[in-house]
Amino acid sequence: MAKTIELTVPDLGGFEDVPIIEVLIASGDTIVLDAPLVTLESDKATMEVPATAAGVVREVRVKIGDRVSPGSVLANVEVAEDAAAVNVAAAPVSAAAGAGGPASPGTANEAAKIAEPATAGGGAAADLVVPDIGDFENIPVISVFVKAGDTISKDTALVELESDKATMEVPALFGGVLSDVLVKVGDKVSQGTVLARIGAAAGAAPAPTANSTPAAPGTPSPPAPTPAAPAFAAIVAPSPPSTNGSSNGVSGGPLHASPAIRRFARELGVALSNVKGSGPNGRVTRDDVQNYVKRTLTNPPAAPAPQTPGGGGAGLQLLPWPKIDFEKFGPIERKPLSRIAKISGANLARNWVLIPHVTHNEDADVTELEEFRKAVNVEHKDVKVTMLALLMKALVAVLRRFPTFNSSLDGDDLILKQYINLGFAADTPGGLVVPVIRDVDKKGVLEIAAETSALAKKARDGKLGPADMSGAGFTISSLGGIGGTSFTPIINAPEVAILGVTRTVTKPVWNGSAFAPRLILPLSLSYDHRVIDGAAAARFCAHLAGVLADLRKTLL
C-alpha cells in the first residue's frame with residue numbers, strides 16, 4: 001500500500017530561517033532517495049536538501065524565497081508503507097516541531113558542538129583533518145587553498161571537496177603556520193584524513209586535550225577534534241578573481257551558486273567567476289550560465305589573449321593538454337613547429353572555437369568550363385589559366401548577388417564590403433598561408449590567373465609581405481589535384497565564409513533520357529551561422545554551381 005508522508009528539513013547544524021533559492025521538484029515528479037528537493041543559501045553556506053524517501057511528489061509546500069528551519073515541511077510524497085516507516089524513523093527532527101519551527105534541543109545538537117582546541121605556550125605540532133562530513137567517504141579534492149609556509153587563522157579554508165551532491169570547504173579548526181600540506185587536487189579524502197600540519201609555534205598549535213595520552217615517538221599525531229556537519233552542506237567557495245578584479249560582478253564578494261549550478265558550469269567549461277548572477281544576493285542561476293555561453297559565442301572578444309594548448313578560450317575552460325611520455329612506447333623524433341604553423345595554428349584554433357561553423361556541400365558541373373579553360377590555355381601560352389582563376393571570376397557574380405557572404409561582424413554590426421578581395425590558401429614548405437587578390441571584380445580571367453601564379457610562387461619562396469595577405473573578404477581553399485571529395489574548411493576570421501574545393505571527377509549524370517559522363521567539381525562552403533543561415537548558404541552554392549556550369553551568367 002501507499003502512504004503520503006511529509007519530507008522535512010533536517011538538522012542544519014545550527015542554521016535557522018534559511019531562504020530557499022531553488023526548488024528542484026514539482027508535483028507529479030517521481031524522486032529517488034537522496035534526490036535534491038530544494039537549495040538553501042545562508043550568508044555562509046549553500047546547501048541542497050536531499051529526499052529521505054523515494055516516491056511520487058503529490059504537493060510542493062514551499063517556493064523560492066520562503067525561509068525554512070529544521071522541521072519545515074518541503075513536500076508531501078506518496079511512498080510505499082514500509083518506506084514511510086523508514087522515513088519517520090530516520091527523521092532528525094522531533095514530531096513536536098511544527099512546519100517551519102526549530103528542532104527540539106537534544107543529543108544531535110549537542111553532538112554538533114565543537115570543542116575548540118586550547119593553545120599552549122610551547123605549542124606542539126598538530127594535524128588539521130577532515131571533520132565529520134556525514135556518510136560521505138572518498139570525496140575528491142577539487143581545490144587546495146593553502147601551501148606550506150602560509151600563516152592561517154581559525155576557520156581559514158584549507159581545501160574544497162565535491163561529492164555528487166555537495167560542494168564543501170574544509171576550514172581550519174585552529175590557526176598557526178603550516179609546515180606541510182599533505183593533499184593535492186584529485187586526492188580523495190574521508191573523515192579524519194590529515195590535510196595539513198601546523199608546525200610547532202608559540203601560541204599557534206593546540207596542546208593535547210585533558211583526556212589524551214602522549215603519542216609514542218615516531219607515531220603520527222592524533223586527529224584534532226572534528227565538528228559535525230550535515231552531509232549535504234555545501235560551503236560556498238571564495239570566488240577566484242575575474243579579469244576585471246571583481247568576484248561574480250561584486251567586488252570582493254562571495255560567489256553564490258548552488259552545487260547543481262557549479263556542476264552545470266563545469267560541464268560547459270565556464271568559470272563562474274566570470275558570470276554575473278541575477279538571483280538573490282547575486283546568486284548565479286542556470287539561465288545566467290547559459291546566457292554567458294551564448295554571449296561568449298555571439299560576441300567573442302576583439303583580441304583574445306593567447307592560449308596555451310588545451311587552455312580556455314573566451315572564458316571556456318577546457319581540460320588540460322595531456323602530458324604523455326611517448327618514448328616509453330618506442331623511438332621518437334622531436335621537431336619544432338615552423339613559425340607559420342605556430343601562427344596559423346593559433347588563429348585556426350581561435351576561429352574554430354569562436355565561430356559556429358556549418359558546412360554545406362554542393363556539386364558543380366564544370367564540363368563546359370573545363371573545355372573553355374583548355375581552349376584559353378591553347379590560345380594564351382604565356383599564362384596558365386587554372387580552375388582557381390575561373391572560380392574567382394565566378395565568385396564575383398555570386399558575391400554581388402549575396403553580399404552578406406562578403407562581410408564581417410563588428411560587435412552588433414555587420415560590415416558589408418563594397419570591394420571584392422579574394423584570399424586563396426597556398427601550400428608552402430613552411431605551412432599554410434593566404435595571399436589576397438585585390439579588386440577581383442575589376443580584373444579579367446587572364447590577369448587573375450597571372451597574379452595568382454605570381455603570389456603562389458612568392459609564397460613558396462617565403463617572400464610574402466603583410467600587405468600580400470591582408471584585406472580579404474572571402475577565401476578559397478583549393479586542394480586542386482591532391483584529392484578528396486569534400487571537407488570542412490575553417491573560416492578565416494573576421495570573414496564569415498570560406499569555400500573549399502577538391503579534385504574534379506567524372507560521374508554519370510542523368511540528362512533526362514540517359515546517363516552521360518560529366519565533370520563534377522565538389523564544393524564545400526563553411527559559413528558563420530551567426531550571420532548566414534542554411535537556406536542562404538544553399539542558395540549561394542546553387543547559384544555558384546549554375547555560374548560555373550555556364551560562365552556566360554557572369555555577364556548578367
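Me: Why is Phe515 called exposed or buried in this structure?

Reply: Phe515 has a relative accessibility of 59%, and since buried means under 20% relative accessible area, exposed over 50% and partly exposed in between (1.4 Å probe, protein chains only), Phe515 counts as exposed. This is a predicted model, in which local features need pLDDT of at least 70 and side-chain atom pairs count only at pLDDT 80 or more, while totals for chains, interfaces and linings use all residues. Residues are numbered from 1 along each chain as its sequence is written, and side-chain values use heavy atoms, with hydrogens and water left out.

Me: What makes Phe402 and Phe405 an aromatic pair, and which kind is it?

Reply: Rings of Phe, Tyr and Trp (its six-membered ring) pair if their centres lie within 6.5 Å, and planes under 30 degrees apart count as stacked, over 60 as edge-to-face and the rest as tilted. The rings of Phe402 and Phe405 are 6.2 Å apart centre to centre with 85° between the planes, an edge-to-face pair. Trp510 and Phe515 also form an edge-to-face pair, at 5.0 Å centre to centre and 65° between the planes.

Me: Why are Phe402 and Phe405 called buried or exposed?

Reply: Phe402 is buried because its relative accessible area is 16%, and Phe405 is buried because its value is 1%. Phe402 and Phe405 also belong to one aromatic cluster with Phe474 and Phe540.

Me: How do you know whether Lys417 has a salt bridge?

Reply: A salt bridge is a side-chain nitrogen of Lys or Arg within 4 Å of a carboxyl oxygen of Asp or Glu, where Lys and Arg count as positive and Asp and Glu as negative, and His and the chain ends are not counted. The nearest side chain of opposite charge to the buried Lys417 is Glu495, 6.2 Å away, and Lys417 has no salt bridge.

Me: What makes the approach of Lys417 to Ser408 a polar contact?

Reply: A polar contact is a pair of N or O atoms within 3.5 Å; within protein, one must be able to donate a hydrogen and the other to accept it, and residues adjacent in sequence count only if both atoms are side-chain atoms. The side chains of Lys417 and Ser408 make such a contact at 2.7 Å.

Me: Why is Thr428 called buried or exposed?

Reply: Thr428 is buried because its relative accessible area is 9%, whereas Ile482 is exposed because its value is 68%.
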